[in-house]
Amino acid sequence: MSLSSTDIVKRYGYYDEEFVLSYSHKNGPYNMTSHMHDQYEVYYLLKGQRSYFIKDRVYLVEQGDLVFVPKYVLHRTQFAGTLQHQRIVLNFTDSFLERSWIKGSKLDLLKPFQGDNPTLRLKEEDRKYTESLFFRAIAEMKNKSDGYEICVKAISVELLVHLARCIDKYVEVVAPVDSPLHRKIAEISNYIETHYAEPLTLTHLSQSFYLSPYYLSRVFKEISGFSFIEYLNHNRIKEAQRLLRESNWKVLRIAESVGYDSIAYFGRVFKETVHMSPLQYRRMHSGEGIERT
């Protein structure tokens, strides 16, 4: 279920091509649309509780928890029992990070994105400092005084430094939800991630994992938030994006290599997922105006 605009109690944000910081306070059983992007993401839950699916596991995120999402990783949050929640999301690109980098610094600001567990549960002192930075940024976005954009970005860089230091200091992670069924869905998710280029079907999966197609479809959607075909398509499109960025392969070859028999269907799914055509995506990431067919 998605929220209408009347369910958004408060929202502030600043956006440009390489940076996003947004705060929202929502009231209702909100489920975020599944997505992935070419930016790093820091998700902080100020209040409430959320079910956070990232890559192939589910984490029950509570007030004061952080989630670090690397580039091109599928993720979404879902309703977890509390109607109201407040969250802050920071997205940034490599170019933003390069502009903020001080030559000679030994601190790796991407360290929080490199661990096996994408979460962090801060101790009280570090949580209070983290929230003080967020509150300063929210105040700047709310008031929009001259130069607020500079302040918002400067505060965000300070936040990244603080979080990278926290990773070095301790690792207080949020454990993924662990039950036999959650482990089974994680196993199935991993299988899809490594076999997406094959002609996978729900029937094939149900036979491989000894579950009925109906039951597999229902519990996969219930736990991950994705239908089987949504999850399969997201993994195929993720690899197609990589090939469009890093190879000179023709679009037809890329479509076939990630599991699509029809280039028309591939183009439609790609546009629905990425919001642009494969050729537009390639041009955007290559800087070239030559269309390759």
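The exercises below, each with a worked solution, concern a predicted model.

**Exercise 1. The sheet around β4**

Work out the order of the strands in the open sheet that contains β4, and state which strands stand at its edges.

Solution. Begin with the pairings of β4, which spans residues 49-54 and pairs with β7 in the antiparallel sense over 5 bridges. On this side of β4, Y52 stands opposite T77 in β7. Next take the pairing with β5, where 6 bridges join β4 to β5 and the two strands run antiparallel. Here Q49 stands opposite E62 in β5. Putting the two pairings together gives an open sheet of 3 strands in the order β5-β4-β7, with antiparallel pairing. Because β5 (57-62) and β7 each have a single partner strand, they stand at the edges, and one side of each is left without a neighbour in the sheet. From one strand to the next, the twist averages 30 degrees.

**Exercise 2. The helix packed on that sheet**

Identify which helix packs on the sheet, which strands it touches and what angle its direction makes with that of β7.

Solution. The helix is α6, residues 213-224, and it touches β4, β5 and β7. Its direction makes about 90 degrees with that of β7. As for the covering of β7, 4 of the 5 residues of this strand are buried, and the strand is therefore described as mostly covered.

**Exercise 3. S51 within β4**

Decide whether S51 is buried or exposed, and list the residues that it touches beyond four places away in sequence.

Solution. First place the residue: S51 is found in strand β4. Its relative accessibility is 12%, and since buried means under 20%, S51 counts as buried. When residues up to four places away in sequence are not counted, S51 touches V58, Y59, R76, T77, Q78, F79 and A80.

**Exercise 4. The enclosure of β6**

Explain why β6 is described as largely enclosed, and find the strands with which it pairs.

Solution. Strand β6 covers residues 65-69, and 5 of the 5 residues are buried, so the strand is largely enclosed by the rest of the structure. The next step is to separate the two directions of its side chains, keeping in mind that in a regular strand the side chains alternate between the two faces of the sheet. In β6, D65, V67 and V69 point one way while L66 and F68 point the other way, and all are buried. For the pairing, β3 and β6 are antiparallel over 4 bridges, and β6 and β9 (residues 119-121) are antiparallel over 3 bridges. L66 takes part on both sides, for Y44 stands opposite L66, and the bridge partner of L66 in β9 is L120.

**Exercise 5. Two pockets**

For the largest and the second largest pocket, give the volume, the residues closest to the centre and the make-up of the lining.

Solution. The largest pocket holds about 1,200 Å³ of space. It is lined by 42 residues, and those closest to its centre are S34, H35, M36, H37 and H275. By class, this lining has 15 nonpolar, 17 polar and 10 charged residues. Several elements each supply at least two residues of it, among them β1 (8-16), β2 (19-27), α7 (228-246) and α10 (278-286).

The second largest pocket has a volume of about 180 Å³. Of its 14 lining residues, I54, K55, G115, D116 and P118 lie nearest the centre. The lining divides into 8 nonpolar, 2 polar and 4 charged residues.

**Exercise 6. Positive phi in two loops**

Locate K55 and Y210, give the phi value of each, and assign each to an accessibility class.

Solution. K55 lies in the loop between β4 and β5, and its phi is near 65 degrees, a positive value in a residue other than glycine. With a relative accessible area of 41%, K55 is partly exposed. Y210 lies in the loop between α5 (202-209) and α6, and its phi, near 60 degrees, is likewise a positive value in a residue other than glycine. The relative accessible area of Y210 is 75%, and because exposed means over 50%, this residue is exposed.

Note on methods
Residues numbered from 1 in each chain as written. Predicted model: local features only at pLDDT ≥ 70, side-chain atom pairs only at ≥ 80, totals over all residues. Heavy atoms only, no water. 1 Å grid on protein atoms, 1.4 Å probe; cavity = no way out; pocket = protein on both sides within 12 Å on 5 of 7 lines; lining within 4 Å. Points joined across faces, edges and corners; volume = space filled by probe spheres on them. Nonpolar A, V, L, I, M, F, W, Y, C, P; charged D, E, K, R; others polar. Buried < 20%, exposed > 50% of the residue type's maximum accessible area, 1.4 Å probe, protein only. Pairing = 2+ DSSP bridges. Axes fitted to C-alpha atoms, helices over the stretch in contact; angles between N-to-C directions. Contact = heavy atoms within 4.5 Å.
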